[in-house]
Amino acid sequence: RSKTRIKRMKKKASAQVNQIAGKLHEKWCRDRGYAPRLKTTADGKEIDIANLDFEDLPPKWQRENLAAAESVLDILKSHPGIDTESAANLVHVGWLQRNRDWASPDQKKDYEDLSEKEKKKDRVVVRIARRCYP
């Protein structure tokens with residue numbers, strides 16, 4: 001079921017959403033220095049998600065980047081001229097809605113109470129989206 005849902009989600013996703021999602025994955029890989037991040041797929045294969053292009057990732061590992069890209073694009077479209085900090089706050093709210101069940105206590109805080117390191121992650125999402133969405 002999950003693979004089918006992701007395929008439908010990708011089909012509906014605009015080219016901008018796919019572009020943003022891919023760039024978010026690239027940035028994550030670069031920030032890690034391409035250090036291996038091994039994951040086991042549903043069929044038992046071990047893959048290194050930090051050294052795969054976004055389009056080569058299994059749907060399960062594309063999901064959050066697609067959701068983040070769709071969310072930030074919606075924010076930018078519905079709030080023309082929004083400043084980066086306000087947009088990052090909304091990005092964090094959306095991320096929490098999707099990931100609260102497994103987020104660490106530090107990540108569950110309101111945006112203004114996050115560490116600078118955590119805020120930076122949300123700002124990066126906004127900046128990448130702005131480069132893809134004029």
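Axes are lines fitted to C-alpha atoms, for helices over the stretch in contact, and angles run from 0 to 180 degrees between N-to-C directions. Helices (H or I, at least four residues) and strands (E, at least two) are DSSP runs, numbered from the N terminus. The structure is a predicted model, in which local features need pLDDT of at least 70 and side-chain atom pairs count only at pLDDT 80 or more, while totals for chains, interfaces and linings use all residues. Residues are numbered from 1 along each chain as its sequence is written, and side-chain values use heavy atoms, with hydrogens and water left out.

**Exercise 1. Describe the packing of H3 against H4.**

Solution.
Step 1. Two packed helices are described by the angle between their axes and the distance between the axes.
Step 2. For H3 and H4, the axes come within 10 Å and cross at roughly 140 degrees.
Step 3. Angles under 35 degrees count as roughly parallel, over 145 as roughly antiparallel, 65 to 115 as roughly perpendicular and the rest as oblique; H3 and H4 are therefore oblique to each other.
Step 4. The crossing of H3 with H4 is right-handed (a crossing is left-handed if the near helix is turned anticlockwise from the far one by less than a right angle, and right-handed if clockwise).
Step 5. Contact means heavy atoms within 4.5 Å. On the H3 side the contact is made by Glu64, Ala67, Ala68, Ser71, Val72 and Ile75, and on the H4 side by Ala87, Leu90, Val91, Trp95, Arg98 and Asn99.
Step 6. By class, this contact of H3 with H4 has 8 nonpolar, 2 polar and 2 charged residues. Here Ala, Val, Leu, Ile, Met, Phe, Trp, Tyr, Cys and Pro count as nonpolar, Asp, Glu, Lys and Arg as charged, and the others, Gly among them, as polar.

**Exercise 2. Describe the packing of H2 against H3, and place Asn65 and Leu66 of H3.**

Solution.
Step 1. H2 (residues 15-31) and H3 (residues 59-78) pack at an angle of about 120 degrees, their axes 8 Å apart.
Step 2. H2 and H3 are therefore oblique to each other, and their crossing is right-handed.
Step 3. From H2, the residues Gln16, Val17, Asn18, Ile20, Ala21, Leu24 and His25 meet Asn65, Leu66, Ala68, Ala69, Glu70, Val72, Leu73 and Lys77 of H3.
Step 4. The residues of the contact of H2 with H3 divide into 9 nonpolar, 4 polar and 2 charged.
Step 5. Buried means under 20% relative accessible area, exposed over 50%, and partly exposed in between (1.4 Å probe, protein chains only). Asn65 is buried, with a relative accessible area of 16%, and Leu66 is buried, with 1%.
Step 6. Leaving aside neighbours within four places in sequence, Asn65 is in contact with Ala21, Leu24, His25 and Phe54.
Step 7. Leu66 and Gly22 are 44 residues apart along the chain, and their C-alpha atoms are separated by 8.4 Å.

**Exercise 3. Which residues make the contact between H4 and H5, and which residues of H5 are buried?**

Solution.
Step 1. The axes of H4 and H5 come within 8 Å and cross at roughly 110 degrees; H4 and H5 are therefore roughly perpendicular to each other.
Step 2. Thr84, Glu85, Ala87, Ala88, Val91 and His92 of H4 make the contact with Lys119, Asp122, Arg123, Val125, Val126, Arg127 and Arg130 of H5.
Step 3. The residues of this contact of H4 with H5 divide into 5 nonpolar, 2 polar and 6 charged.
Step 4. The buried residues of H5 are Glu118, Lys119, Asp122, Arg123, Val124, Val125, Val126, Ile128, Ala129 and Cys132. They pack against H2, H3 and H4 (84-99).
Step 5. Lys119, which lies in H5, counts as buried at 14% relative accessibility. Apart from neighbours within four places in sequence, Lys119 is in contact with Glu85, Tyr111, Glu112 and Leu114.

**Exercise 4. What are the expected and actual spans of H4?**

Solution.
Step 1. The expected span of a helix is 1.5 Å times one less than its number of residues.
Step 2. The 16 residues of H4 should span 22 Å, and its end C-alpha atoms are 22 Å apart, which agrees.
Step 3. The buried residues of H4 are Ala87, Ala88, Val91, His92, Gly94, Trp95, Leu96 and Asn99, and what covers them includes H3 and H5.
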